[in-house]
Amino acid sequence: MKRMRTHLSSRKVIAVLTAALLATGVAACGNSDTGDSGGKDDGKITLGFSQVGAESGWRTANTTSIKEAAAEAGIDLKFDDAQQKQENQIKAIRNFIQQKVDVIAFSPVVESGWDTVLKEAKDAKIPVILTDRAVDSADKSLYKTFLGSDFVKEGRLAGEWLVEKEKAATGPVNIVELQGTTGSAPANDRKKGFADAISANPNLKIIASQSGDFTRAGGKQVMEQFLKANPKIDVLFAHNDDMGLGALEAITAAGKVPGKDITIITVDAVKDGMQALADGKFNFIAECSPLLGPQLMDLVKKVHNGEEVPVRIETQETTFTQEQAKEALPNRKY
Ligand code: GYE
């Protein structure tokens with residue numbers, strides 16, 4: 001009897017363990033299918049999405065938009081967070097290929113170094129969509145389309161606003177720049193657009209420029225260094241709101257008034273950034289919309305059906321002054 005009971009209870013244990021293992025297996029695959037069939041058994045399109053990370057308010061809003069839009073569109077989403085590392089993104093894309101997903105989309109953390117893995121996706125006949133950030137691959141057949149903002153334009157709009165603001169300046173206006181992630185499309189392009197625009201006025205000079213990796217902590221730390229090394233800083237151009245928000249702490253700690261002693265220009269226009277603008281701590285924001293989910297799901301369906309899609313789809317955006325931020329803030333979604 002005793003042996004019998006032991007036997008039964010170990011069977012129970014095995015049953016529980018099997019259930020737990022199955023559950024982990026399903027969770028590891030990210031969603032509701034078994035992972036090796038690409039979800040084709042339930043008739044749904046399976047999308048493998050490799051996200052950059054969770055480095056900023058923009059990114060959090062972008063992830064929410066993608067997850068909500070996938071659920072809304074009935075698309076089975078396998079979501080992977082690469083924690084701002086290219087090697088993790090390459091690994092995730094290879095996993096998606098192995099799992100035979102229907103479509104792969106990703107937001108490339110940096111621009112270079114994607115040809116090999118994209119070729120693997122192409123050989124496996126899995127269409128790829130670039131979301132938010134571009135790659136610099138010469139072979140355009142490696143992806144179907146690129147959905148995202150014009151980052152050069154964002155930098156240019158930021159620079160043009162400053163040129164107008166400082167048009168009466170008679171002496172040097174010292175600018176420091178907080179760049180986004182080194183090698184990323186938004187860092188490269190925003191830098192370029194801004195530099196082109198401010199070249200219209202030789203008084204406007206970038207005296208220091210360094211990466212804060214698009215994070216608050218990075219923005220704060222690099223701004224502290226800038227303030228220590230440069231007694232006269234007139235303007236901060238931060239490639240995103242989060243770095244600007246981090247820099248606010250460094251500026252206040254240095255006994256300066258943000259928005260007054262130092263003019264602050266950023267990009268994104270997420271809620272916290274818009275609040276800082278409405279409060280007079282920031283002076284100008286070039287908007288970059290993270291709400292790419294619905295358009296992405298539309299594209300996923302089209303490329304899956306073999307329909308032609310435009311090679312480039314640009315997000316529509318605007319700019320905000322302090323007054324405009326006060327007006328827009330109550331209805332801001334992210
Ligand atoms: O501006 C920044 C984020 O790629 C447009 O990445 C995106 C940028 C965004 O971390 O906040």
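Reader: What does glycine 74 do just after α2?
Author: In this predicted model, glycine 74 adopts a positive phi of about 70° directly after α2.

Reader: And helix α2, how far apart are its end C-alpha atoms?
Author: They are 24 Å apart. Helix α2 covers residues 57-73, and at 1.5 Å a residue its 17 residues should span 24 Å, so the two values agree.

Reader: Which residues of α2 are buried?
Author: The buried residues are Trp58, Arg59, Ala61, Asn62, Thr63, Ser65, Ile66, Ala69 and Ala70.

Reader: What covers them?
Author: The cover includes the strands β1 (46-51), β2 (76-81) and β9, together with the helices α8 and α10 (293-304).

Reader: Let us turn to α8. Is it largely enclosed or left open by the rest of the structure?
Author: Helix α8 is largely enclosed, because ten of its 13 residues are buried. Among them are Asp241, Asp242, Met243, Gly244 and Leu245.

Reader: How far does α8 reach?
Author: Helix α8 (residues 241-253) reaches 19 Å from its first C-alpha to its last, close to the 18 Å expected at 1.5 Å a residue. Just after α8 comes glycine 255, with a positive phi of about 80°.

Reader: How do α7 and α8 cross?
Author: Their axes come within 7 Å and cross at roughly 45°. The two helices are therefore oblique to each other, and the crossing is right-handed.

Reader: Which residues of α7 meet α8?
Author: Arg216, Gly219, Lys220, Met223, Glu224 and Leu227 do so. Their counterparts in α8 include Asp242, Met243, Leu245 and Gly246.

Reader: Now the sheet of six strands: what is the strand order?
Author: The order is β7-β6-β8-β9-β10-β12, in an open sheet with mixed pairing. Strands β7 (204-211) and β12 (319-321) stand at the edges; each has a single partner strand, so one side of each lacks a neighbour in the sheet. On average, neighbouring strands of this sheet are turned by 15° against each other, direction ignored.

Reader: Where does α7 pack on that sheet?
Author: Helix α7 (residues 216-229) touches β6 (173-179), β7 and β8. The direction of α7 makes about 150° with that of β6.

Reader: How many bridges join β8 to β9?
Author: Three bridges join β8 (residues 235-238) to β9 (residues 263-268), and these strands run parallel.

Reader: Which residue in β9 is the bridge partner of valine 235?
Author: The partner of valine 235 is threonine 263.

Note on methods
Residues numbered from 1 in each chain as written. Predicted model: local features only at pLDDT ≥ 70, side-chain atom pairs only at ≥ 80, totals over all residues. Heavy atoms only, no water. Pairing = 2+ DSSP bridges. Helix = DSSP H or I, 4+ residues; strand = E, 2+ residues; numbered from the N terminus. Axes fitted to C-alpha atoms, helices over the stretch in contact; angles between N-to-C directions. Contact = heavy atoms within 4.5 Å. Expected span 1.5 Å × (residues − 1). Buried < 20%, exposed > 50% of the residue type's maximum accessible area, 1.4 Å probe, protein only. Parallel < 35°, antiparallel > 145°, perpendicular 65-115°, else oblique. Left-handed = near helix turned anticlockwise from the far one by under 90°.
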